[in-house]
Amino acid sequence: MSRGDVEGILDLTDTFAEVGRRPIPKVPALRGRTVASLFFEDSTRTRMSFETAAKRLSADTMTFTAGSSSLSKGESLRDTVEVIGSYGADAIVVRHAMAGTAHRLADWTDACVINAGDGCHEHPTQALLDCYTLRERRGDLDGMRIGIVGDIRNSRVARSNVLAFSLLGAEVVLVAPPTLLPPSIDGWPVTVSHDLDAVLPDLDACYLLRMQRERITEGLVPSMREYATDYGLDARRAALLSADAVILHPGPTNPGVELTTAVAADSRSVILDQVSNGVSVRMAVLFMLLGSGMDLAPDQSVADQEVGG
Ligand code: NCD
């Protein structure tokens, strides 16, 4: 996507954020459309957020929650997608441990496919909601200096956010021990530091990543405690950030590892805003994909619709 494409989605998100603030936060924009969620990995926020977004747009929803391994082979995945397609899904929201799953699914179905996280590869709607949250707090990402801290090696959130933040003009610094960086960052538009204390005073935003214990297969850090000592955001470190810096985390957090409970509750933390903005961003994405025949611009005709009638 171009910078203009991303900014277009963020502008459209404003419309749906307004819908979310209404006493009855629902519009009939996608009435008669069906959104299927196909989650092969655990999820609280992303799954509920897409489902809430679909329901606020009056779409019907179907949920498929896979067990841990029985459907992990390509053949079974294809069968599942074909079954869901035959129930008439217009969009399939998919999360899978294998990189490239969403891309592959798109060859097997006529439904729109939305990547809700594919292995360590990408998590595009997370990046969009993070950009929206930063824009809401700071007005513009252009020229911002954003630190992404922690388990970058295993993080699809980091990969999507590096692309999105730099597309919108921010400067990105990755902060992690060498073992938690990808084997190569050639071509990534980033700088790297191993010293969080040195980086914090110059950051406009500090994006903390979850230590992804389910993906860490080797001893990449000596212990969680040692990681927290070197890279956890506690009150002392948070005091090094400027007064108007923004603290983000995609959730779920490991309290006491990436950040302390007190820092999560700091006035500079936008962790709960990220969750609520996730619904608005996903409404915008679903509407852009499924609301054919309707204006894509954030016009009043969408926002003014009322359910019923
Ligand atoms: C992220 C994910 O699943 O990739 N969480 C999320 O979508 N809110 C990040 C994570 O699990 O660490």
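What follows is a short chat about a predicted model, its sheet, its ligand site and two backbone oddities.

Me: Before we start, what are the ground rules here?
Reply: It's a predicted model: local features need pLDDT of at least 70, side-chain atom pairs count only at pLDDT 80 or more, and totals for chains, interfaces and linings use all residues. Numbering starts from 1 along each chain as its sequence is written, and side-chain values use heavy atoms, leaving out hydrogens and water.

Me: What makes β1 and β3 a pair?
Reply: Two strands pair if DSSP finds at least two bridges between them. Here 5 bridges join β1 (residues 34-39) to β3 (residues 91-96), so they qualify, and they run parallel. One of the bridge partners is Arg-95 in β3, matched with Phe-39. Strands are DSSP runs of E, at least two residues, and helices are runs of H or I, at least four, numbered from the N terminus.

Me: Why are β2 and β4 called edges?
Reply: The order in this open sheet of 4 strands is β2-β1-β3-β4, with parallel pairing. β2 (60-65) and β4 (112-118) each have a single partner strand, so one side of each has no neighbour in the sheet. Neighbouring strands are turned by 15 degrees against each other on average, direction ignored; the axes are lines fitted to C-alpha atoms, and angles between N-to-C directions run from 0 to 180 degrees.

Me: How do you know that Thr-46, His-123 and Arg-156 are around the ligand?
Reply: The cut-off for being near is a heavy atom within 4 Å. The residues around the ligand include Thr-46, His-123, Arg-156 and also Arg-95.

Me: What makes the contact of Thr-46 with the ligand a polar one?
Reply: A polar contact is a pair of N or O atoms within 3.5 Å. A polar side-chain atom of Thr-46 lies 2.8 Å from a ligand oxygen, so that counts. His-123 also has one at 2.8 Å from a ligand oxygen, and Arg-156 has one at 2.6 Å. The protein covers 93% of the 320 Å² of accessible area that the ligand has on its own, by Shrake-Rupley with a 1.4 Å probe.

Me: Which elements give two or more residues to the shell around the ligand?
Reply: Those are α2 (45-56) and α6 (156-167).

Me: What makes Ser-58 and the bond between Gly-251 and Pro-252 worth flagging?
Reply: Ser-58, in the loop between α2 and β2, has a positive phi of about 70 degrees although it is not a glycine. The peptide bond joining Gly-251 and Pro-252 is cis, with omega about -5 degrees. Pro-252 is in the loop between β9 (246-248) and α10 (261-264).

Note on methods. A polar contact is a pair of N or O atoms within 3.5 Å; within protein, one must be able to donate a hydrogen and the other to accept it, and residues adjacent in sequence count only if both atoms are side-chain atoms.
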